[in-house]
Amino acid sequence: MAHLDSVDLELLATLAREPRATVVALADKLGLSRNTVQARMARLERSGAFLSYERAISVSALGFPIEAFISVTVRQADLPYITAELHRIPEVLQAHGLSGQIDLLVQVACRDTQHLFDTDARILAIDGVERTETSLVMGEVIDYRVRPLMELSRESE
């Protein structure tokens, strides 16, 4: 990813505060031309600065109120196959590779506890998965956030 300058950081901070702001509104707030804002947005998008826009959609609103994290232990040689198989399971929201005793941390969303049980069984049935351990999400205590990191980035410039 390219280095973010102070204008990039200010643009990202404004977008974090007002995610639905138009390019014209962003240009006005930042005192930049519309073309400059569009060019910077395009560069930031190409560099991977923006994550999936799906993050803002509530899985509960879609009828999947049960969320869980499934710790998965795998045979390392099978990791690419396992990852591809996890990608095929619609209930899998995301998965992270980890260091330590657990190899993958998989976040899932389900309709109810039976659906969660069945989803866990599908993950466990993937060839190369050795063990799973499921932790039910009781609530999100800190929302996904990046503003504190943006402030920290600005301080270090």
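Entry 1, pairing. Two strands count as paired here if DSSP finds at least two bridges between them, and I began from that rule in this predicted model. I looked up Ala 95 and found that its bridge partner in strand E3 is Val 106, and I then noted that Gln 94 has Gln 107 as its bridge partner in E3. Taking the two strands as a whole, I found E2 and E3 running antiparallel and joined by five bridges.

Entry 2, the turn of the hairpin. I followed the chain from strand E2 (92-97) into the loop that leads to strand E3 (104-110), and Gln 101 lies in that loop. The hairpin has six residues between its strands, and among these I noted Gly 100, which takes a positive phi near 105 degrees. Is Gln 101 buried or exposed? I recorded a relative accessible area of 76% for Gln 101, and because exposed means over 50%, I entered Gln 101 as exposed. I also looked up how Gln 101 stands to Ser 6, which is 95 residues away along the chain, and found their C-alpha atoms separated by 40 Å.

Entry 3, the sheet. I traced an open sheet of four strands in the order E2-E3-E1-E4, with antiparallel pairing. Its edge strands are E2 and strand E4 (129-136), each of which pairs on one side only. From one strand to the next I noted a twist that averages 20 degrees.

Entry 4, helices on the sheet. I checked which strands helix H4 lies across and found E1, E2, E3 and E4, with H4 running at about 15 degrees to E3. Helix H5 lies across E1, E3 and E4, and I noted that H5 runs at about 155 degrees to E4.

Entry 5, nonpolar cores. The largest nonpolar core has 16 residues, of which Val 72, Ile 82, Leu 86, Leu 104, Val 106, Val 108 and Ile 123 touch the most other members. I looked up where this core draws its residues from, and strand E1 (66-74), helix H4 (79-87), E3 and helix H5 (113-124) each supply at least two. I also noted a second, separate core of 12 residues, which includes Ala 13, Val 37, Leu 44 and Met 150. In soluble globular proteins, nonpolar side chains tend to be buried together.

Entry 6, back to Val 106. Which residues is Val 106 in contact with, leaving aside its neighbours within four places in sequence? I listed Ala 68, Phe 69, Ile 70, Val 72, Leu 86, Val 92, Gln 94, Ala 95 and Ile 123.

How values were computed:
Residues are numbered from 1 along each chain as its sequence is written. This is a predicted model: local features need pLDDT of at least 70, side-chain atom pairs count only at pLDDT 80 or more; totals for chains, interfaces and linings use all residues. Side-chain values use heavy atoms; hydrogens and water are left out. Buried means under 20% relative accessible area, exposed over 50%, partly exposed in between (1.4 Å probe, protein chains only). A nonpolar core is a set of buried Ala, Val, Leu, Ile, Met, Phe, Trp, Tyr and Cys residues joined through side-chain atoms within 4.5 Å. Contact means heavy atoms within 4.5 Å. Axes are lines fitted to C-alpha atoms, for helices over the stretch in contact, and angles run from 0 to 180 degrees between N-to-C directions.
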